[in-house]
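Please open the model in your viewer and keep the selection panel at hand. The stops below go from backbone geometry to charged side chains.

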Amino acid sequence: MASIKVHLEKCTGCTLCVKACAFGAIHMADRKAVIDMAKCTLCGACVAACKFSAIELEKAAGPKKDLTPYKDVWVFCEQKKGVIQSISYELLGEGRKLADKLGVKLCAVLLGHNMKEAAAKLGERGADKVYLADHPALKAYQDDPYTAVLVNLVEEYKPEAILCGATVIGRSLISRVAIKTNAGLTADCTGLDVDVKERLLLQTRPAFGGNIMATIIAPNHRPQMATVRHKVMKEAELQPGRLAEVVTKSYPEETYASRTRLLDMVEELSATMNISEADIIVAGGRGMGSKENFAQLEELAKVLGGAVGASRSAVDADWIPYSHQVGQTGKTVVPKLYIACGISGQIQHLIGMQSSKTIVAVNKDPDAPIFKVATYGIVGDVNEIVPALIKEFKRALNK
Amino acid sequence: MNIIVCIKQVPNTTDVRIDPVTNTLIRDGVESVINPFDAYAIEEAVRLKERCGGKVTVVTMGPPQAENVLKEAIGLGCDEAVLVSDRKFAGSDTWATSYTLACAIEKLEGYDVILCGKQASDGDTAQVGPGISTHLDIPQVTYVKKISEINDKAAKVERMTEEGYDVVEVPLPCLFTVVKEINTPRMPSLKGMMRAKSAKIAKWTAADLEADPAALGLDGSPTRVVKIFTPEARKGGEMISGTCDEVAKELVELLKGEVV
Amino acid sequence: MDYLLTEQQTMIRDLARKIAQEKIKPVSAQYDESEEFAWPIMKVLAESDLFGVYIPEAYGGLGGGIMDMCLVTEELSRACGGIALGYAGTGLGTLPILLHGSEEQKKKYLPDIAKGKRLAAFCLTEAEAGSDAANMKTTARKEGDKYILNGTKQWITNAGEAEIYTVIALTDKSKGVRGASAFIVEKGTKGMEFGKKEKKMGIRASATREVIFTDCEVPAANLISREGMGFIVALKTLDTSRPGVAAQAVGIAQGALDHAVDYSRTRVQFGQPISSFQAVQHMLADMGTQVEAARALAYSVARMVDAGVKSVSKESAMAKLFASDVAMKVAVDAVQILGGYGYMRDYPVEKYMRDAKITQIYEGTNQIQRNVIAAHMIKETLKK
């Protein structure tokens with residue numbers, strides 16, 4: 001059984017581990033770290049934080065798996081109605097960098113029906129090789145056949161890393177594949193890199209609520225799997241004419257069997273723009289005061305050609321539907337311009353928008369945390385400033 | 001109908017504050033609550049019971065204090081509760097967690113529907129639900145926003161997608177992860193809370209689960225943390241002051257490159 | 001202050017607080033504006049069993065007393081005094097049955113009330129019978145196994161929304177107050193109608209209407225206690241319910257105070273939060289002390305009632321008088337602390353001020369309460 005211990009001779013009493021522990025399990029006694037085992041979750045944060053290797057996490061050595069046959073970086077390319085989703089290009093862009101560092105091929109995996117042409121085109125987005133499974137049963141996503149095909153591919157070709165979108169499809173699929181192939185999986189990575197010597201995928205993501213970043217590895221398991229949210233990575237540039245080798249795979253019919261049956265796919269046209277795609281977002285929070293005041297933001301967004309976002313409290317107050325919520329429990333957005341009106345800037349909100357290029361914050365409380373991330377801050381009453389902004393932008397944009 | 005809900009206790013994020021000096025979370029006095037997404041799973045489980053009859057068993061893996069969230073779940077209408085707790089589970093990542101929960105579910109006397117929240121608010125991985133269904137080798141539908149039809153053989157549900165929703169038919173037993181849109185959770189009832197106070201909660205250790213010890217806890221977890229760091233806080237920018245019209249004019253000037 | 005609540009009372013208070021915070025607070029301004037009756041909130045209260053806290057277990061309740069009812073009323077009022085009244089008004093309408101009803105009547109009505117399936121209302125006031133309740137004109141004439149009710153009750157809380165009405169009417173005009181009797185009348189009874197909804201200064205989420213009886217036939221089985229006991233039933237009901245009005249006032253005062261404290265910490269003038277100014281601090285200190293004193297008095301009287309003390313008229317009048325005066329004063333001071341913002345509808349404190357006013361008026365004006373208190377004091381010295 002795994003355990004953790006402090007090497008007292010190495011511990012300097014620097015308290016870095018105390019600060020690192022998200023569970024309050026470490027305290028100092030006699031200038032030495034003491035771990036409260038009742039609180040410790042063996043998360044390893046303190047081990048990573050200690051500069052003196054004074055904390056050791058002991059893990060039972062499982063049967064050693066031969067990792068050498070595993071090579072290449074794979075990207076699961078998501079398609080809907082035969083159209084490759086932009087998340088796939090974002091992953092190919094990131095995957096290309098990782099494959100180059102490791103000196104291996106970047107391979108795209110595409111499952112669908114009548115996708116041969118689209119498969120060949122993935123070369124133009126940086127793929128060296130494309131594994132294509134083309135079958136009517138793969139036309140639209142279903143857990144069972146997609147899992148079976150991907151597991152088969154992994155077992156046959158043994159990639160060392162697989163990247164997948166943190167989308168509805170990606171999250172459902174890759175979680176199943178990770179279990180079946182006994183692989184490590186890290187969700188919602190915001191940064192990826194590789195340790196070339198150890199051939200490790202270094203997966204960085206917010207942890208313990210978001211203001212601490214953790215880098216996660218899966219040293220003894222292959223493939224190493226990671227999901228990445230939409231808009232976090234940059235799309236691979238189009239290189240017209242670049243070719244990829246397409247390997248078309250087919251499997252016995254039972255591989256495509258599905259216990260679930262997809263009866264219908266319904267598209268709901270939303271009147272407002274999907275916030276994760278918008279370049280400009282005007283967002284409002286509790287500070288807007290009322291539903292009527294909140295509606296002003298729609299006008300400002302319209303003038304700017306942007307979308308309306310919201311903090312959780314504005315959604316909870318029923319001023320706007322949940323699909324507009326930005327933050328930890330809503331969407332991550334990376335627009336060019338984010339205007340936060342009456343949003344105090346709780347960490348849960350900041351997580352979802354702090355990568356925006358330019359952030360403008362309007363709030364009546366000068367100490368609101370939102371000002372700490374804002375490019376431009378305005379202290380004042382949103383209900384006076386928003387109408388003034390609408391007027392000025394209208395003039396500037398000749399509307 | 002045997003309905004199982006898997007829940008997690010998480011720190012109550014609504015009262016999480018950040019230490020401005022160390023830029024770390026202040027956890028003192030932060031209470032543990034039911035993962036907000038799991039509240040929808042509990043509500044849906046209780047509604048399924050009201051619709052089809054049967055019983056709801058709530059399961060969690062966690063430290064001994066996680067008993068509190070199980071009691072809360074009973075207060076919300078669940079009938080029985082199981083706490084899966086053992087030092088041997090410490091260090092579990094989503095692989096080991098879903099394995100452990102799957103072992104616990106197999107030990108229960110049968111199941112028709114397993115419900116999970118779509119993800120936990122502290123980890124945000126959305127991996128444990130699908131992990132459980134894979135370990136149990138049952139079909140799943142993730143991101144369910146409506147269970148439109150259900151009988152003891154099959155269900156018809158709506159799965160939320162980025163563009164709208166899919167209508168999916170699935171045979172039982174199966175696992176659903178549910179989204180916020182599926183219902184509005186009820187408030188606890190006093191009678192439920194009193195029942196919870198005296199309710200007996202089954203406590204299972206690793207030994208009770210008949211699980212493969214190598215697949216539990218840190219040992220059974222492929223992933224581990226190698227580094228933690230505090231992201232560089234984005235520097236606060238320029239403050240603009242003046243009358244409303246003045247600040248609006250100045251801001252428009254500053255943003256010309258972004259907007260025009 | 002620690003009022004040494006029982007475990008069950010703590011649970012009741014915490015749940016009521018949670019509902020107030022999560023369900024009522026976000027919608028209180030909206031209901032105040034629209035003057036609608038907050039049925040969705042009533043449903044939440046019902047599902048949470050809060051309507052049953054003061055009803056005996058034998059009738060499907062939780063077996064608590066007036067103290068439990070006060071805890072719920074206070075917490076709900078802290079978020080919205082108007083929405084809280086849907087709850088408290090049901091308590092008032094239920095008390096005649098709880099205190100004086102027959103076993104059959106209790107069995108028939110209390111379980112539905114405890115579950116929150118049906119709300120209740122108490123009908124005493126008339127156009128010419130406010131403080132002078134003895135001047136009522138509504139009559140109940142016995143005919144065979146029925147009573148025929150005629151007359152109009154005014155400003156009845158929950159009227160139109162509630163399904164169970166306890167009504168005081170004269171069965172024998174010649175005997176004055178000794179000729180009054182109490183009846184249970186169900187909504188839908190032929191000859192029972194409701195007037196238009198009143199437009200009020202505050203507690204606007206509560207429904208206030210006339211209840212009009214025109215040859216309304218009520219089964220004789222619906223007579224509470226005996227003929228001629230109506231006034232006793234009414235007085236006993238009001239004595240018992242007054243700690244509830246006090247609790248409502250304490251809740252309103254606490255809610256206004258909460259906003260004032262929050263605001264004083266974030267509002268910066270002359271370069272510092274206004275909470276750092278002694279002028280503001282002293283106001284807050286007085287407000288806090290007054291609210292706590294009102295709460296202590298209200299709880300003490302509620303506990304006297306629950307302990308079965310025979311006459312609580314003087315003490316319950318004191319609790320209602322003091323708490324409602326405190327509510328008005330604290331709400332006015334809260335508006336003052338918020339200054340211009342306090343006067344604006346965008347901020348919630350002006351609503352607390354409007355809501356507070358009614359607590360000085362209904363269930364006996366504070367002038368009448370003083371009469372009652374003084375009369376008791378004088379009577380007590382005479383006995384010595």
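Where is the place of Pro173(B)? Select that residue and you will find Pro173(B) in the loop between β11 (164-171) and β12 (174-178) of chain B, where helices and strands are DSSP runs (H or I over at least four residues for a helix, E over at least two for a strand), numbered from the N terminus. Before going further, note that this is a predicted model, in which local features need pLDDT of at least 70 and side-chain atom pairs count only at pLDDT 80 or more, whereas totals for chains, interfaces and linings use all residues. Residues are numbered from 1 along each chain as its sequence is written, chains are lettered from A and ligands numbered from 1 in the order in which they are written, and side-chain values use heavy atoms, with hydrogens and water left out.

Staying at this loop, display the backbone of Leu172(B) and Pro173(B), which are joined by a cis peptide bond with omega at about -5 degrees. Then move to chain A and select Arg222(A) together with Pro223(A), where a cis peptide bond with an omega of about -5 degrees is again found; Pro223(A) sits in the loop between β14 (212-217) and β15 (224-228) of chain A. As background for these stops and for the next ones, most peptide bonds are trans, and most residues other than glycine have a negative phi.

Next, select Asn182(A), a residue other than glycine whose phi is positive, near 55 degrees. Asn182(A) belongs to the loop between α6 (168-180) and β11 (184-186) of chain A, and its relative accessible area of 35% makes it partly exposed (buried means under 20% relative accessible area, exposed over 50%, and partly exposed in between, with a 1.4 Å probe and protein chains only). In chain B, go to Tyr143(B), which is not a glycine and yet has a positive phi of about 55 degrees. Tyr143(B) is placed in strand β9 (residues 140-150) of chain B and, at 8% relative accessibility, counts as buried.

Now turn to the charged side chains. The structure holds 66 salt bridges over all chains, each being a side-chain nitrogen of Lys or Arg within 4 Å of a carboxyl oxygen of Asp or Glu. Select Glu163(B) and Lys80(A), whose closest N and O atoms are 2.9 Å apart in a salt bridge. This pair crosses between chains, with Glu163(B) in the loop between β10 (154-160) and β11 of chain B and Lys80(A) in strand β6 (residues 79-80) of chain A. Glu163(B) is partly exposed at 31% relative accessibility, whereas Lys80(A), at 14%, is buried.

Which residue forms a salt bridge with Asp316(A)? Select Lys180(B), for the closest N and O atoms of the two residues are 3.8 Å apart. Asp316(A) lies in helix α8 (residues 312-316) of chain A and Lys180(B) in the loop between β12 and α5 (190-198) of chain B, so this pair joins two chains. Asp316(A) is partly exposed at 41%, and Lys180(B) is partly exposed at 21%.

Within chain B, select Glu80(B) and Lys55(B), a salt bridge with its closest N and O atoms 3.4 Å apart. The pair links distant parts of the chain, Glu80(B) in strand β7 (residues 80-84) and Lys55(B) in strand β6 (residues 55-61), 25 residues apart.

For the last stop, select Asp32(C), Glu35(C), Lys199(C), Arg204(C), Glu350(C) and Arg354(C), which salt bridges with shared partners join into one network.
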